[in-house]
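Student: I have a chain to look at. Can you walk me through its fold and its packing?

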Amino acid sequence: MNLFKSYPVHRLKVWFWPVLALGSLSSCSPTVNLATPTPVKVDVGVRLDVYQKTPPTKEKEEQSSLQIAANRRLRSGEIQGLKNDRIVGEDRDGYLDLRKKPSDPKYLAYAQNIVDQENSDRTVLYLANAQAQSKPLEMVESDYGKMWRDRAFPGEIVQKEDGTWSTK
């Protein structure tokens with residue numbers, strides 16, 4: 001509806017000035033000071049976990065991926081036995097971790113050897129996947145860590161994302 005047709009011009013002048021005055025007064029607002037007399041202090045707790053991964057040896061680089069897969073397949077029964085005995089667990093980065101060290105030195109050496117061989121093969125696998133997918137190694141490790149955690153059987157030891165260890 002056109003305002004000019006419904007009201008005479010002299011009536012528009014009567015309403016125009018009060019409306020304009022109210023509009024200009026409403027735009028005036030007091031200044032609010034947000035400054036504080038002392039600086040605001042924030043207490044932040046930060047946790048930083050640093051892990052050093054050893055690069056694969058020259059011998060591992062020369063092995064074919066088929067040979068590494070065959071070695072891992074042959075070793076899987078031994079790894080499962082160590083997991084069932086609660087000696088090793090899957091960490092959040094997709095590697096095996098020796099959780100409970102056996103008291104027998106020979107069994108400890110055996111378990112440590114299995115863990116070292118498997119982790120070495122997994123490192124080669126993860127590096128190859130990181131290069132193929134153009135992703136950072138840490139992201140590939142995290143993805144595999146989640147996969148191993150999800151595949152773990154009830155009773156196996158796994159590390160959660162927050163770094164705590166639990167029995168699945």
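The questions below go from overall fold to core packing.

Tutor: This is a predicted model, where local features need pLDDT of at least 70, side-chain atom pairs count only at pLDDT 80 or more, and totals for chains, interfaces and linings use all residues. Residues are numbered from 1 along each chain as its sequence is written, and side-chain values use heavy atoms, with hydrogens and water left out.

Student: In what order do the elements of the protein chain run from the N terminus?

Tutor: Helices (H or I, at least four residues) and strands (E, at least two) are DSSP runs, numbered from the N terminus. The chain has 6 helices and 4 strands. Their order is α-α-α-α-β-β-α-α-β-β.

Student: Which elements do the buried residues of α6 pack against?

Tutor: Helix α6 covers residues 137–151. Buried means under 20% relative accessible area, exposed over 50%, partly exposed in between (1.4 Å probe, protein chains only). In α6, the buried residues include Tyr144 and Trp148. Their packing partners, with contact meaning heavy atoms within 4.5 Å, are α4, β1, α5 and β3.

Student: Which element gives the most to the largest nonpolar core?

Tutor: A nonpolar core is a set of buried Ala, Val, Leu, Ile, Met, Phe, Trp, Tyr and Cys residues joined through side-chain atoms within 4.5 Å. The largest has 9 residues, including Ile79, Val88, Leu96 and Ile114. α4, β2 and α5 each supply at least two of its residues. The top contributor, with 3 residues, is α5.

Student: Which residues does isoleucine 79 touch?

Tutor: Ile79 belongs to the largest nonpolar core. Leaving out residues up to four places away in sequence, its contacts are Val88, Leu96, Ile114 and Glu118.

Terms used:
Expected span 1.5 Å × (residues − 1).
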